[in-house]
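This report follows one surface residue outward to its helix, its neighbours and the whole chain. Please keep the structure in view while reading.

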Amino acid sequence: MNGRRIAATIGIDWARPLRYLWRLPLFVGHVLLTLPVVLLIIRFGRDRRDRRGRRRDHAAIAWWSGVTVRICGLRPRTHGEPHPHPVLLVANHVSWLDIEVIHSQVGVGFVAKAEIARWPLVGYMAKAGESVFHHRGSGASQQQVVEALTERLCAGGSVAIFPEGRSGPGVPVMPFHGRLLAAAVAAGAPIQPVAIRFERAGRYHHALPFGPREPFLINFLRILGEPPAEVHIHFLEPIQSAGMGRRDIAQRSREAIAAIVERDA
């Protein structure tokens with residue numbers, strides 16, 4: 001039995017140290033050399049457009065997030081198109097990388113738990129990306145978030161939420177909560193489900209979710225050493241909010257996303 005088969009049999013990934021050898025310095029360089037430039041563009045580029053008509057700050061965040069995702073060993077594959085007008089994106093939630101994955105495709109603000117604001121780097125980028133932070137378990141905070149999302153949608157901006165309420169195991173997709181969907185109903189904006197599916201060798205990739213009590217830094221380092229994989233981002237058919245209740249929207253969104261995420265998982 002050769003060394004590779006022995007490693008596979010006993011669960012040892014001999015290539016992991018080699019991945020750290022080039023990915024870790026690359027990530028550090030990415031942060032130190034490019035992040036200051038991106039932050040300057042975010043600061044001064046909100047009222048300017050690039051050749052494709054995108055806001056320059058959104059384009060900078062998309063580029064930075066796309067590079068981050070690739071350094072972590074993931075190759076993005078996009079299916080469908082983001083809705084071109086103000087929209088509430090709803091996506092399944094597996095990893096902190098979900099934010100970077102969506103930011104690499106479309107310029108949106110997120111609703112994120114308040115703890116993320118204190119996370120190194122990710123929290124900083126979330127605030128720069130106009131995220132709205134929610135204190136879980138607080139009814140007053142929830143109402144403030146709904147009002148903030150409604151205002152942003154009415155002003156012509158798009159926002160994204162994770163209706164599961166927290167990151168989960170990936171499969172199965174957890175139940176969707178409909179409370180924040182009230183913002184789309186109030187603004188008369190469509191809801192676009194977004195299915196995020198991590199794959200390796202054509203099968204669902206289970207290595208990204210947080211383990212029990214796993215801190216962010218440990219999860220980050222573990223993901224950084226994982227073998228290459230793909231992340232498929234499916235922008236699905238928008239759901240018109242007019243005449244629909246938020247629970248019905250939540251159920252329809254979850255079913256559409258689960259049909260893709262749970263396939264062959």
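In this predicted model, Leu32 lies in helix α2, which comprises residues 16-44. Is Leu32 buried or exposed? With a relative accessible area of 60%, Leu32 counts as exposed, because exposed residues are those over 50%. Together with Leu24, Val28 and Leu33, Leu32 forms a nonpolar patch on the surface, and the accessible area of these four residues adds up to about 390 Å².

An α-helix has 3.6 residues a turn, so residues three or four places apart point the same way. The buried residues of α2 are Arg19, Arg23, Phe27, His30, Val31, Thr34, Leu35, Val38 and Ile42, whereas Leu24, Val28, Leu32 and Leu33 belong to the surface patch.

The course of the helix can be described by its span and its bend. The 29 residues of α2, at 1.5 Å a residue, should span 42 Å, and the distance of 40 Å between its end C-alpha atoms agrees with this. At Thr34, which is among the buried residues of α2, the helix bends by about 45°, and Pro36 follows within four residues.

The setting of the helix is the whole protein, which has nine helices and eight strands. Among contacts between residues at least 6 apart in sequence, 72% join residues at least 24 apart. The table gives further values for the protein.

| Property of the protein | Value |
|---|---|
| Buried share of the 265 residues | 48% |
| Exposed area | about 13,500 Å² |
| Share of the exposed area from carbon and sulfur atoms | 56% |

Conventions: Residues numbered from 1 in each chain as written. Predicted model: local features only at pLDDT ≥ 70, side-chain atom pairs only at ≥ 80, totals over all residues. Heavy atoms only, no water. Patch = residues over 30% accessible without salt bridge, like charges linked within 9 Å, V, L, I, M, F, W, Y side chains within 5 Å. Areas by Shrake-Rupley, 256 points an atom, 1.4 Å probe, with all protein chains shown as cover. Salt bridge = Lys/Arg side-chain N within 4 Å of Asp/Glu carboxyl O. Helix = DSSP H or I, 4+ residues; strand = E, 2+ residues; numbered from the N terminus. Buried < 20%, exposed > 50% of the residue type's maximum accessible area, 1.4 Å probe, protein only. Contact = heavy atoms within 4.5 Å. Expected span 1.5 Å × (residues − 1). Bend = angle between axes of the 7 residues up to and from the residue.
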